[in-house]
Amino acid sequence: MIWNGRLSTSAGRFRPGSRNPLFPRPAEIEIASYLRDIPDGPAHIRATVLHEMVHYHLWHLKRPYGHTPEFNEILKQVGGTRYNTVPKERKPRHYYRCIGCLKVIPTQRLLKSSACAECCRKYNNNRFTSFYKLERMDEERVAAMMKKAYQQSISAEKPPPPAEKEEPAMPVNEIIRRLEELKEMVGKKKPL
Ligand SMILES: [Zn+2]
Ligand SMILES: [Zn+2]
């Protein structure tokens with residue numbers, strides 16, 4: 001389980017792992033860090049972890065792991081709710097972007113003169129320089145950015161394409177066994 005400080009459109013996220021024996025990657029559950037700072041935080045964290053654990057459980061069983069009727073049934077059994085009614089972070093009113101590293105910085109108020117703290121630290125001995133100034137993003141840009149973030153958040157929860165048709169991955173010990181078999185065959189071959 002990972003705390004994600006950038007997750008603000010949802011309370012949690014499930015990322016499926018990889019079953020490819022050559023590139024294995026465990027599944028991950030991300031929980032939005034801001035849940036630690038809100039009233040009733042522990043209750044929201046518990047509900048979110050439970051919700052994401054059901055995604056994990058179904059993925060582990062190689063079942064469709066999206067918000068299916070099966071998902072809802074299991075969630076009900078473990079005492080979870082269909083939707084997490086988690087208060088969202090206070091919405092930032094403005095967005096700035098560093099002209100150096102292109103990092104987007106949301107703010108509540110308008111900034112008069114500002115520079116990217118990270119770039120100033122990294123490239124200017126931690127001293128302020130307008131060389132890495134923050135540029136205010138216009139509304140069109142912000143809307144495009146939000147749309148992209150939203151699409152990424154829903155694609156992260158999309159059920160996988162039918163897994164049944166997928167070639168089952170060969171277990172590592174089976175690969176090793178076949179290699180040994182091959183070695184033996186090659187070894188028995190008489191030299192000409
Ligand atoms: Zn979900
Ligand atoms: Zn920067």
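Modeller: Two strands pair if DSSP finds at least two bridges between them. This is a predicted model, and that cut-off will help us read it.

Biologist: Thanks! How do you know that strand 4 and strand 6 pair?

Modeller: The cut-off is at least two bridges, and strand 4 and strand 6 (residues 134–136) have 3 bridges, so they count as a pair, in the antiparallel sense. One of the matches is Cys-98 with Leu-134 in strand 6.

Biologist: What makes strand 4 and strand 5 a pair?

Modeller: The same test works here: 4 bridges join strand 4 (residues 94–98) to strand 5 (residues 104–107), and at least two are needed, so the two are paired, again antiparallel. Tyr-95, for example, stands opposite Pro-106 in strand 5. The hairpin of these strands has 5 residues between them, and Leu-102 takes a positive phi near 65° there.

Biologist: What holds strands together in general?

Modeller: Strands of a sheet pair through backbone hydrogen bonds, either parallel or antiparallel.

Biologist: Why is the pairing in the sheet with the order 1-3-2 called mixed?

Modeller: Let's look at its two pairings. Strand 1 and strand 3 (residues 28–32) run parallel and are joined by 3 bridges. Ile-2 stands opposite Glu-30, and Asn-4 has Ala-32 as its bridge partner. Strand 2 and strand 3, on the other hand, pair in the antiparallel sense over 4 bridges, with Arg-15 opposite Glu-28. One pairing is parallel and the other antiparallel, and the open sheet of 3 strands has mixed pairing.

Biologist: What makes strand 1 and strand 2 edge strands?

Modeller: Strand 1 (2–4) and strand 2 (12–15) each have a single partner strand, so one side of each has no neighbour in the sheet. Neighbouring strands of this sheet are also turned by 30° against each other on average, direction ignored.

Biologist: Now the helices. Why are helix 1 and helix 2 called oblique to each other?

Modeller: The axes of helix 1 (residues 41–60) and helix 2 (residues 69–77) cross at roughly 125° and come within 10 Å. Roughly perpendicular covers 65 to 115 degrees and roughly antiparallel starts over 145, so an angle of roughly 125° falls under oblique. The crossing is right-handed.

Biologist: Which residues of helix 1 meet helix 2?

Modeller: His-51, Val-54, His-57 and Leu-58 in helix 1 meet Glu-70, Phe-71, Ile-74 and Leu-75 in helix 2. By class, this contact has 5 nonpolar, 2 polar and 1 charged residues. Glu counts as charged, so Glu-70 is the charged one.

Definitions and conventions
Residues numbered from 1 in each chain as written. Chains lettered and ligands numbered in written order. Predicted model: local features only at pLDDT ≥ 70, side-chain atom pairs only at ≥ 80, totals over all residues. Axes fitted to C-alpha atoms, helices over the stretch in contact; angles between N-to-C directions. Left-handed = near helix turned anticlockwise from the far one by under 90°. Contact = placed C-beta atoms within 7 Å.
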